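User: Could you take a close look at the enclosed space inside this protein, and then walk me outward from there to the parts around it? I'd enjoy one connected account.

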Amino acid sequence: MDKLIIEGGHPLKGEVNISGAKNSAVAILPAAILAGETCTIKNLPDIKDVSNIIDILIQLGARVEREGHDKLIVNSNNIDTYKVDFELSKKLRASYYFIGALLGRFKKAEVPFPGGCDIGVRPIDQHIKGFEALGAKITIEHGIIRAEADKLVGASIFLDVVSVGATINIMLAACMAKGTTTIENAAKEPYIVDTANFLNALGANIKGAGTDEIKIKGVERLGGCEHAIIPDQMEAGTYMIAAAASKGNVLVKNIIPTHLDSISAKMKEMGVEIIENGDSLRVIANGRPKAANIKTMPYPGFPTDLQQPMSVLLSVADGTAIINESIYDGRFKHVDELKKMGAKINVEGRIAVIEGVPKLSGAPVCATDLRAGAAMVVAGLSAEGETIISNLAHIERGYERLERKLLELGAKIKRVSEED
Ligand code: EPU
């Protein structure tokens with residue numbers, strides 16, 4: 001098991017290029033199962049969650065060819081099974097997209113329960129409600145979700161909670177259903193729009209993605225396409241926060257700034273300078289940030305995925321801040337780790353009260369989940385002394401070439417293996 005060692009206190013300076021969005025990539029790759037012809041997917045992030053999804057495509061019989069580090073050519077014509085392997089499925093959350101994609105293509109799917117970060121209760125009842133509304137029969141036995149339909153017929157589905165996964169999964173199943181499907185109270189995250197754009201490029205008829213009402217008119221068949229994944233707003237946000245926490249000056253490149261509006265607005269409120277310019281954004285932080293309150297919300301609100309890294313910036317802010325985590329009931333596991341570095345945080349249910357301290361101090365800490373790991377990296381960069389982060393597998397699931405990017409920004413960071 002490797003560890004990251006960070007010598008804190010060096011301001012990040014320079015430019016960083018943001019990779020393709022994890023949560024788009026892990027939806028678009030399963031969506032390629034619906035394509036009747038070859039798909040070329042570009043700007044694919046080189047991260048563990050993506051290679052895990054590719055492993056499932058290969059297990060199902062798809063032909064997959066990599067070109068360079070960020071391009072993948074997928075042909076699903078030879079897929080001859082609708083059953084996803086148990087071990088592969090539990091490696092990540094997004095394996096649930098194979099239910100919608102396989103159901104859409106074969107009218108049958110068998111997918112073991114997905115894994116993913118331990119950040120609280122993560123039911124999939126809204127996905128199931130959507131599949132059932134389209135005419136599928138769902139059974140759950142021995143940890144496997146089985147979906148089966150004679151035919152899929154368009155339906156009106158009102159989601160009880162705004163769910164990224166359920167919105168995308170229903171879109172996948174509905175693309176080739178008979179008639180029109182309407183998803184109301186749909187999620188509006190950029191990943192939804194990206195996946196809808198991909199499906200439309202294949203020949204689907206999806207309107208309204210990015211609003212809370214999506215209409216999907218079923219088509220007979222989907223073809224192939226070439227598609228570039230959007231930039232990762234969570235990776236970009238993490239570097240923005242890291243720049244501010246280290247009191248640096250960083251140009252975050254290859255982004256869609258509007259996807260980051262809630263983060264930019266919050267950081268400006270905290271006194272951090274943010275200058276947008278085309279597809280990049282400069283973050284300049286001179287002094288200590290001011291405290292500000294945060295409530296996590298579905299897009300376009302402040303994203304739950306950046307709550308953990310942001311809690312680090314608030315830990316060193318001037319004043320007291322309140323975080324209200326409204327999406328997940330277990331997304332404060334990183335707080336105990338931050339406390340080892342001197343943070344003053346009190347958690348009560350979904351509320352964290354953070355009393356800013358002038359400085360954190362380096363300590364051995366653990367990445368308890370993906371974004372908790374990112375938070376530990378941000379904390380290590382801003383702290384005085386050495387921080388040793390273990391359990392890096394979580395971080396590798398979602399951040400491409402993290403150490404290299406940080407080294408290029410002047411961070412003092414190195415990876416060592418346990419034996420070193
Ligand atoms: N929910 C239900 N029933 C459902 C589905 C969701 O009650 O059937 C609830 C969840 O428990 C949660 C809320 O609805 O309280 C939102 O969950 P959502 O379905 O939107 O989450 P997800 O699709 O499982 C995706 C991202 C997460 C991100 C959330 C919220 C992927 C693969 N994952 O998860 O990303 O936190 O949306 O934006 O797209 C991450 O990247 O670190 C990460 C965890």
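Analyst: Happy to! In this predicted model, there is one cavity of 30 Å³ or more, and the volume of the largest cavity is about 50 Å³. Its lining is made up of Thr-238, Tyr-239, Ala-242, Ala-374, Val-377, Val-378, Leu-381, Leu-402 and Leu-406. Three elements each give two or more residues to that lining, namely helix 8, helix 12 and helix 14 (402–408). Helix 12 supplies the largest share, four residues. By class, the cavity lining has eight nonpolar residues, one polar and no charged.

Two of these helices turn up again at the largest pocket. Helix 8 (233–245) and helix 12 (370–382) each give two or more residues to the pocket lining, as do helix 1 (22–31), helix 5 (125–133) and helix 6 (164–174). The largest pocket has a volume of about 1000 Å³ and is lined by 44 residues. Arg-122, Ser-163, Val-164, Ile-327 and Tyr-328 are the ones that lie nearest its centre. For your electrostatics, the class count of the pocket lining may be handy: 23 nonpolar, nine polar and twelve charged residues.

Helix 1 deserves a pause. Ten of its ten residues are buried, so this helix is largely enclosed by the rest of the structure. The buried set includes Lys-22, Asn-23 and Ser-24 as well as Val-26, Ile-28 and Leu-29.

Next comes the packing. In soluble globular proteins, nonpolar side chains tend to be buried together. Here the largest nonpolar core has 150 residues, of which Leu-199 and Met-267 touch the most other members. Helix 8 gives the most to this core, with nine residues. Beyond its neighbours within four places in sequence, Leu-199 is in contact with Ala-31, Leu-34, Met-171, Leu-172, Cys-175, Ala-204, Ile-206 and Leu-222. One of those partners, Ala-31, is a buried residue of helix 1.

Another partner, Cys-175, leads to the cysteines. Cys-175 is buried, at a relative accessible area of 0%. The closest cysteine sulfur to its own belongs to Cys-225 and is 12 Å away, which is too far for a bond. Across the whole structure, the search finds zero disulfides. Cys-366, by contrast, is partly exposed, with a relative accessibility of 22%.

Helix 7 (residues 190–202) holds Asn-197, which is partly exposed at 42% relative accessibility. Asn-197 and Ile-229 are 32 residues apart in sequence, and their C-alpha atoms are 10.0 Å apart in space.

Finally, some backbone details to check when you set up a calculation. The loop between strand 10 (180–184) and helix 7 contains Asn-185, which has a positive phi of about 60 degrees although it is not a glycine. Asn-185 is partly exposed, at 23% relative accessible area. Lys-247 likewise has a positive phi of about 60 degrees without being a glycine, and its place is the loop between helix 8 and strand 14 (249–253). Lys-247 is also partly exposed, with a relative accessible area of 39%. One cis peptide bond to note joins Tyr-299 and Pro-300, with omega about 10 degrees. Pro-300 is in the loop between strand 17 (294–295) and helix 10 (307–315).

Terms used:
Residues are numbered from 1 along each chain as its sequence is written. This is a predicted model: local features need pLDDT of at least 70, side-chain atom pairs count only at pLDDT 80 or more; totals for chains, interfaces and linings use all residues. Side-chain values use heavy atoms; hydrogens and water are left out. On a 1 Å grid over the protein atoms alone, a cavity is a set of points where a 1.4 Å probe fits but cannot get out, and a pocket is an open set with protein on both sides within 12 Å along at least five of seven lines; lining residues have an atom within 4 Å of a point. Grid points are joined across faces, edges and corners, and a volume is the space filled by probe spheres set on the points. Ala, Val, Leu, Ile, Met, Phe, Trp, Tyr, Cys and Pro count as nonpolar, Asp, Glu, Lys and Arg as charged, and the others, Gly among them, as polar. A disulfide is a pair of cysteine sulfur atoms within 2.5 Å. Buried means under 20% relative accessible area, exposed over 50%, partly exposed in between (1.4 Å probe, protein chains only). A nonpolar core is a set of buried Ala, Val, Leu, Ile, Met, Phe, Trp, Tyr and Cys residues joined through side-chain atoms within 4.5 Å. Contact means heavy atoms within 4.5 Å.
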